[in-house]
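Colleague: Please give me a close look at the charged pairs in this structure. Take them one at a time, and put them in the context of the rest of the chain.

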Amino acid sequence: MKIVILGAGQVGGSLAESLASERNDIVLVDSDEKTLRELRDRIDIGIVAGHASHPDILQEAGIEDADILVAVTNNDETNMAACQIAHSLFRVPTKIARVRAAAYLQYPQLFDPQSIPIDVLISPEQLVSEYIARLMAYPGALQVLDFADGRVQLVAVRAIQGGPLVGHQLRYLRQHMPKVDTRVAAIYRRNSPIIPQGDTVIEAGDEVFFLAARADIRAVMSELRRLEQGYKRVTIAGGGNIGLRLALKLENRYTVKIIEQSHERCVFLSEELSNTIILHGSASDQDLLLEESIEDTDVFLAVTNDDEANIMSSLLAKRLGARKVMTLINNRAYVDLVQGGEIDIAISPQQNTIGSLLTHVRRGDMVNVHSLRRGAAEAIEVIAHGDRRTSKVVGRKIEDIDLPEGAAIGAIVRETEHGSEVLIAHDDVVVQTDDHVIVFLVDRRHTRHVEQLFQVGFSFF
């Protein structure tokens, strides 16, 4: 496909890198010529320097024969204008835009073909707040990802000595839990992937990715580590868009405090939130944290726009006794540096956003794409179409499907007359048409192979 990407920031650059490696024709547009040249030196893409929404710049980027426009500049208005121009002047089939401001997002009727013709709207703040809310629901989880509208979840946990399965082979999982069905999709040991087999022994420190129906997640987690107590008290550092969205999601289930430096923003937050305590000050102020009993806080969430401020306030909160620390980090180079030490979970908004973008850019009837392990791995939800004659998967047992090395089907969600049925993928399960198939890829370079397997009836979103 030919894809024009507007904006060479963290999201645009990472997306260009991801899609170019899959042999798409990528053109990246940005006003920063130096950044564009650095990206072109590293990956095989075209570049155009200029204002992303100007028609002549879009023409120079080859917008006339583009399949998809992805507008992810840092300016909402530029992204919206570019989609309008791509539609009105160039009839681009699919237009995807990142829009951050809640002032726009609260009017969804703005974004339809008769108004501002955006086919797919991406809100990083919404994606991040939903992601953190899922982590809050499962204390001890490193990642929690939804598939099939939340009926199946992929969870990553760190195996800890004392978990019943630690030191045992995977095949014993079924003996331990005869009434619970689950599939271990991948294991990462000292950052290297292991393809799970029945005789694979779980070791303390392993990062284990497993799929299960939502109702069974806690039971499986309890096999890998002692279950942690549920969270009660939450402190959010930063009252921006993400902090506000998080508080709205959490304030009726937890005791929530927000620490915000801007007095004007504090006043606004107090008007928007009904059950959240708003504190005016710096999250790096030790006296303020001690005064607010940070040692009794179950989760400290640092979600300001400043990576360094997030890291420093998180380290301070942890040292002063906060039980769990989650930190928003935009700079990908920082994520590996801090996660797993004093900071329990480093959250990359880019990875969340890129996964959502890939869902709509990939071939095949993709429902969900989640980018994992800093983009090295992926989890995909794709709908199977066709029949045994026209499809490479429909009508076949999972053991007979030609999956690439390092890929595993983890679960299938099937609609029946009695409702949705979750089938954990065992070798003898037969894929049927319209099944939602969840595939885990240890190496995302094999994504094209998986797309080709499911290509019958594929469509662009």
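Modeller: Strands here are DSSP runs of at least two residues in the E state, numbered from the N terminus. Keep in mind that this is a predicted model. By that rule, strand E1 runs over residues 2-6, and Ile5 sits in it. Ile5 has a relative accessible area of 0%, so it counts as buried, the cut-off being under 20%. From Ile5 to Gln84 the sequence distance is 79 residues, and their C-alpha atoms are 15 Å apart.

The record comes next, since it frames the pairs. UniProt has an unreviewed entry that puts "domain: RCK N-terminal" at residues 1-122 and 231-347. Residues 1-122 are 36% helix and 22% strand, with end C-alpha atoms 20 Å apart. The unreviewed entry also gives "domain: RCK C-terminal" at residues 142-226 and 367-456. Residues 142-226 come out at 15% helix and 36% strand, and the end C-alpha atoms of this span lie 14 Å apart.

Now the charged pairs. Side chains of opposite charge can pair when their charged atoms come close. How many salt bridges does a search of the whole structure find? The count is 21. Three of them are described below.

Start with Arg42 and Glu17. Their closest N and O atoms are 3.1 Å apart, and the two form a salt bridge. Arg42 belongs to helix H2 (residues 33-42) and Glu17 to helix H1 (residues 10-20), so this pair ties together parts 25 residues apart in sequence. Glu17 has a relative accessible area of 28%, so it is partly exposed.

The second pair is Arg323 with Glu228. Here the salt bridge spans 3.5 Å, N to O. It links distant parts of the chain, 95 residues apart. Arg323 is in the loop between helix H12 (307-319) and strand E16 (324-328). Glu228 is in the loop between helix H8 (217-224) and strand E12 (233-237). Is Arg323 buried or partly exposed? At a relative accessible area of 29%, Arg323 is partly exposed. Glu228, at 22% relative accessibility, also counts as partly exposed.

The third pair is Lys257 with Glu292. This salt bridge has its closest N and O atoms 3.1 Å apart. The partners are 35 residues apart, and again the pair links distant parts of the chain. Lys257 lies in strand E13 (residues 255-260), while Glu292 is in the loop between helix H11 (286-291) and strand E15 (299-302). Lys257 has a relative accessible area of 18%, so it falls under the 20% cut-off and is buried. Glu292 is at 22%, so it counts as partly exposed.

Some bridges share partners. Arg225, Glu228, Asp298, Arg323 and Lys324 are joined in this way into one network. The Arg323 and Glu228 described above are therefore part of a wider set, beyond their own pair.

The loop that holds Glu292 has another feature. Ser293 is in that loop between H11 and E15. Phi of Ser293 is near 55°, a positive value in a residue other than glycine. Most residues other than glycine have a negative phi. Ser293 has a relative accessible area of 29%, so it is partly exposed.

Ala148 is another non-glycine residue with a positive phi, about 50°. Its place is the loop between strand E7 (141-147) and strand E8 (152-158). Is Ala148 buried or exposed? Its relative accessibility is 3%, so Ala148 counts as buried.

Not every charge is in a bridge. Glu399, Asp400, Asp427 and Asp428 form a negative surface patch. Patch members have no salt bridge, so these four are charges to read separately from the pairs above. Glu399 is in the loop between strand E19 (377-383) and strand E20 (407-416). With 48% relative accessibility, Glu399 counts as partly exposed, because exposed means over 50%.

One serine does pass that mark. Ser274 lies in the loop between helix H10 (263-272) and strand E14 (276-280). At 61% relative accessibility, Ser274 counts as exposed. The C-alpha atom of Ser274 is 34 Å from that of Val11, and the two residues are 263 apart along the chain.

Conventions
Residues numbered from 1 in each chain as written. Predicted model: local features only at pLDDT ≥ 70, side-chain atom pairs only at ≥ 80, totals over all residues. Heavy atoms only, no water. Patch = residues over 30% accessible without salt bridge, like charges linked within 9 Å, V, L, I, M, F, W, Y side chains within 5 Å. Areas by Shrake-Rupley, 256 points an atom, 1.4 Å probe, with all protein chains shown as cover. Salt bridge = Lys/Arg side-chain N within 4 Å of Asp/Glu carboxyl O. Lys, Arg positive; Asp, Glu negative; His and termini not counted. Charge placed at Lys NZ, Arg CZ, Asp CG, Glu CD. Helix = DSSP H or I, 4+ residues; strand = E, 2+ residues; numbered from the N terminus. Buried < 20%, exposed > 50% of the residue type's maximum accessible area, 1.4 Å probe, protein only. UniProt positions renumbered as here; feature names shortened; annotations may be inferred.
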